[in-house]
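The following exercises concern salt bridges and helix packing. Please examine the sequence and the structure before reading the solutions.

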Amino acid sequence: MPFDESLVKAYGLDQFEEFQDLDLLRQQVKQNFKEKKKLIRPDFSEKDWEKAKLASIYNSTEEGAPMGRYLTDPEENIPRVHCDDLSVEDFIENYQIPNKPVIIEGCADDWPAMKSWNFKQLYEDFGEVDFEIGEDEIGTPVTVKLKEYLQYMVFNHDDSPMYLFHRNLHKCPEMKRLLEDYEVPKYFREDYQQIFDEKYKPDYNWFLIGPRRSGSYVHYDPFSMSAWNTSLFGHKRWILFEPDMDRAVVEGEEFKTDQNLDNYTAIDHVLNIYPKLLESGLVKKKYEFVQKKGDTIFLPSKWWHVVLNVDDTIAITQNFTNQANFEKVWRSFRRTKKRSACNWLRNMKIYNKDLYHQALKLNEQDDYKMYDYYMSRNEPWPLSPASSQTESSEDLTDYEFDYSSD
């Protein structure tokens, strides 16, 4: 039986009418996604997506198959603990304050998502809903109906398939039901991002479906925020690098060659770059593990990471800001999200006076003036002078806001 046909049966998709003629569906999938691929990777020809023929090598995860070895845990070098044995206080003391990653088991045991987040159920419940699978050159989301994406997941032969990575479920009425299927684990419920007015709140939660061979290239989360990630289906291979490592090193710049399948994909990094980083001695300590169904990963502020979906996966992830990382987040956020930072600070004064005082103190230490300070004086924003006079300040028209410490 062809591999894709075995997936159709294993996932229970063969009960749907579209999967009755698989030869026809294979052709439809290929045609339907041509334009999506051009939008997401205009530098790629159709053949470039499959140039390394990795689907023929890294589809199966059975024992002895090349991809199967990535399901095997390396020597554990990240702590793994069950939530029943980890109090919130111990988590804060041992992981959050020292900024150390940990794998927490059991957080999702009682979530409805552990049963309902499977491909058959999602196809039936959300098949006609549009989800994000990438962005075009100017940052406009590229979307597709979930049923079409799941068809692509089963039948694609791309070296690094498109990853469904949909942000802000609470903003889409059709997706709000997904929010009822899980809850934020007890360790991450202190979150200062909830102080924002909705229109200024940065993206903070994502629903993920990752086909085998897809993944996230080396990065750390925006604005130095921390994150948690819970797997509800499948296996992910994580590689972490400590925060003080240079970007050029963790990306393996000196090892990138034209022969690599694509220098900026997770699978290329795992197959080609990371082994060379280990051989070179540039990586002093390994942080590598397999995330299984039900595992929740705590990813601390500024930890570099690359994640490969070893088989087809479903997950939920969320960024957060709390007392442990606020100083780093505030210093990053106020520079790059100048209007949103003003809104955040104003709301701190209303809802969290201690945090407000802390932000003011950091501004004073750094001799930092907020965006609306310059606007109130009709002065250019010094960090982006080309745009300061032309950008709308929208709701921040109260330029005389009192930044006092009362």
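**Exercise 1: A salt bridge and its surroundings**

Asp312 counts as buried, at 1% relative accessibility. The model used here is a predicted one.

Task: Determine which residue forms a salt bridge with Asp312, and where the two partners lie.

Solution.
1. The partner is Arg212, and the closest N and O atoms are 3.4 Å apart. A salt bridge requires this distance to be within 4 Å.
2. Arg212 lies in the loop between strand 6 and strand 7 (215-219), and Asp312 in the loop between strand 12 (304-309) and strand 13 (313-320), so the pair ties together parts that are 100 residues apart in sequence.
3. Arg212 has a relative accessibility of 6% and also counts as buried, since the cut-off for buried is under 20%.

**Exercise 2: A salt bridge to helix 11**

Task: State whether Asp366 and Arg331 are buried, partly exposed or exposed.

Solution.
1. Asp366 and Arg331 form a salt bridge, with 2.7 Å between the closest N and O atoms.
2. Asp366 is in the loop between helix 13 (353-365) and helix 14 (371-376), whereas Arg331 is in helix 11; the pair therefore ties together parts 35 residues apart in sequence.
3. The relative accessible area is 31% for Asp366, which is partly exposed, and 25% for Arg331, which is likewise partly exposed.

**Exercise 3: Helix packing**

Task: Describe how helix 11 and helix 12 are oriented to each other.

Solution.
1. Helix 11 (residues 326-336) and helix 12 (residues 338-351) pack at about 130°, their axes being 6 Å apart.
2. The two helices are therefore oblique to each other.
3. By class, their contact has 8 nonpolar, 2 polar and 2 charged residues.

Key
Residues numbered from 1 in each chain as written. Predicted model: local features only at pLDDT ≥ 70, side-chain atom pairs only at ≥ 80, totals over all residues. Heavy atoms only, no water. Axes fitted to C-alpha atoms, helices over the stretch in contact; angles between N-to-C directions. Helix = DSSP H or I, 4+ residues; strand = E, 2+ residues; numbered from the N terminus. Parallel < 35°, antiparallel > 145°, perpendicular 65-115°, else oblique. Nonpolar A, V, L, I, M, F, W, Y, C, P; charged D, E, K, R; others polar. Salt bridge = Lys/Arg side-chain N within 4 Å of Asp/Glu carboxyl O. Buried < 20%, exposed > 50% of the residue type's maximum accessible area, 1.4 Å probe, protein only.
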